[in-house]
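I opened this entry to record what I looked up in the model. The notes follow in the order in which I made them.

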Amino acid sequence: MTKRITTTLLATAASAALLTGTVATPGMAATAQTAPAHSAAAHTTGKKASTIPAAPSAGCGTEQKPGNDEKTIPTEDGERSYRINIPRDYEISTPLPLVIGFHGNGSDGAEFQNYTGLPTLPAITAFPDGDESDGKRSWQGAPYASGADDVAFVSDLLDSIESEHCIDLNRVYATGKSNGGGMVSVLACNLRDRFSAFAPVTGAYYPQSTEGCDYSTPTPMLAIHGTGDATMHYEGGHRQGEDYPGVREWIQPWAEASGCEKTKERQVGRKGEDVVRTQWTQCTEETPAPVELYSVADGGHVWPGEVVYSGGGYATKDFSATDMIWDFFTSHPGTTDGPTQTSTQK
């Protein structure tokens, strides 16, 4: 029987208070506060990560006030908003990783940052808001998207953040949930040179999220999906007038980009939790990019290990999407294009 967790508004408020140090009242999103750069959510970087030096962005040396703030930038589609979190021990000359997180359909950046706990990572984290249409915010890559050029928006956002903050251009990452996961797919296809690795969770992989995608370049990709997801089915289905693939079908081309021919599976869940990690192996590329899938048995349309309520269905507390994603990111740095200290600013 599929497990269920019933989350009340009071529990949500209490959990938000534990994360942020504030009290969230029912109907009001909690605001994440800045966290130490060495939080409990952080994992030790892998051998590869330690051997690739930091690449300082043009923003190194610029004074910035630590904290969680809401900002806007102009785009061709109008002014767009986002939240940015700068760790308390941020130093203007020390490049930090950058993680961009994309919310699901009808949500926003503030809600996404709170239920994921991503602001606790030892990184600068940013949470853009999707363009609003019919009262809901959404992202490019879905049939209900507003039509805004979100790829251009993210490119502009990266230019702004990397020019004004001390970012390590070898450690720039993208993650997201549901429609936000679909947006991660869009970026992997259309803005790959600006990111080191990608990690969608319970992604909405509509055909629009991979339309015209060039899979010729090996790309570090991790996906997390619940087998009991009733919104975006693990095996694929039909929704919003579109047929969409299962998560394994969606991720396979990224494995093929590295010439991977075999898969290796093992249980990774704690306390008896049924979570299977699939890794694609025997890759033929000289520099293959890692491709991994975490399948959460009975998992719903949720962020596993959620800090507060993140969606319908069973949400495990014994497996953390945030921890697994951060471990994957820190173990797989990679060169990105972006404003550098010696470049001429536009």
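**Valine 151 and its surroundings**

I began with valine 151 in this predicted model. Its relative accessible area is 13%, under the 20% cut-off, and therefore I recorded valine 151 as buried. I then located valine 151 in helix H4, which spans residues 150–164.

I next listed its contacts, setting aside neighbours within four places in sequence: valine 151 touches Gln140, Met183, Val186, Leu187, Asn190 and Leu191. For methionine 183 I looked up the separation from valine 151, which is 32 residues in sequence and 8.7 Å in space, C-alpha to C-alpha.

**The sheet**

I traced an open sheet of 10 strands with mixed pairing, in the order S1-S2-S4-S3-S7-S8-S9-S14-S13-S12. Strands S1 (67–75) and S12 (262–267) each have a single partner strand, so one side of each lacks a neighbour in the sheet. I noted an average turn of 20° between neighbouring strands, direction ignored.

Within the sheet I examined S7 (residues 167–177) and S8 (residues 197–201), which pair in the parallel sense over five bridges. Alanine 174 has phenylalanine 198 of S8 as its bridge partner.

**Helix H7**

I followed H7 across S3 (96–102), S7, S8, S9 (221–226) and S14 (291–296), and found that H7 runs at about 165° to S8. H7 covers residues 321–331, and 10 of its 11 residues are buried; among them are Trp326, Phe328 and Phe329. At the start of H7, I found a side-chain oxygen of serine 320 within 3.4 Å of the backbone nitrogen of threonine 322. Threonine 322 is itself buried.

Methods: Residues numbered from 1 in each chain as written. Predicted model: local features only at pLDDT ≥ 70, side-chain atom pairs only at ≥ 80, totals over all residues. Heavy atoms only, no water. Buried < 20%, exposed > 50% of the residue type's maximum accessible area, 1.4 Å probe, protein only. Helix = DSSP H or I, 4+ residues; strand = E, 2+ residues; numbered from the N terminus. Polar contact = N/O pair within 3.5 Å; in protein donor to acceptor, adjacent residues only side chain to side chain. Contact = heavy atoms within 4.5 Å. Pairing = 2+ DSSP bridges. Axes fitted to C-alpha atoms, helices over the stretch in contact; angles between N-to-C directions.
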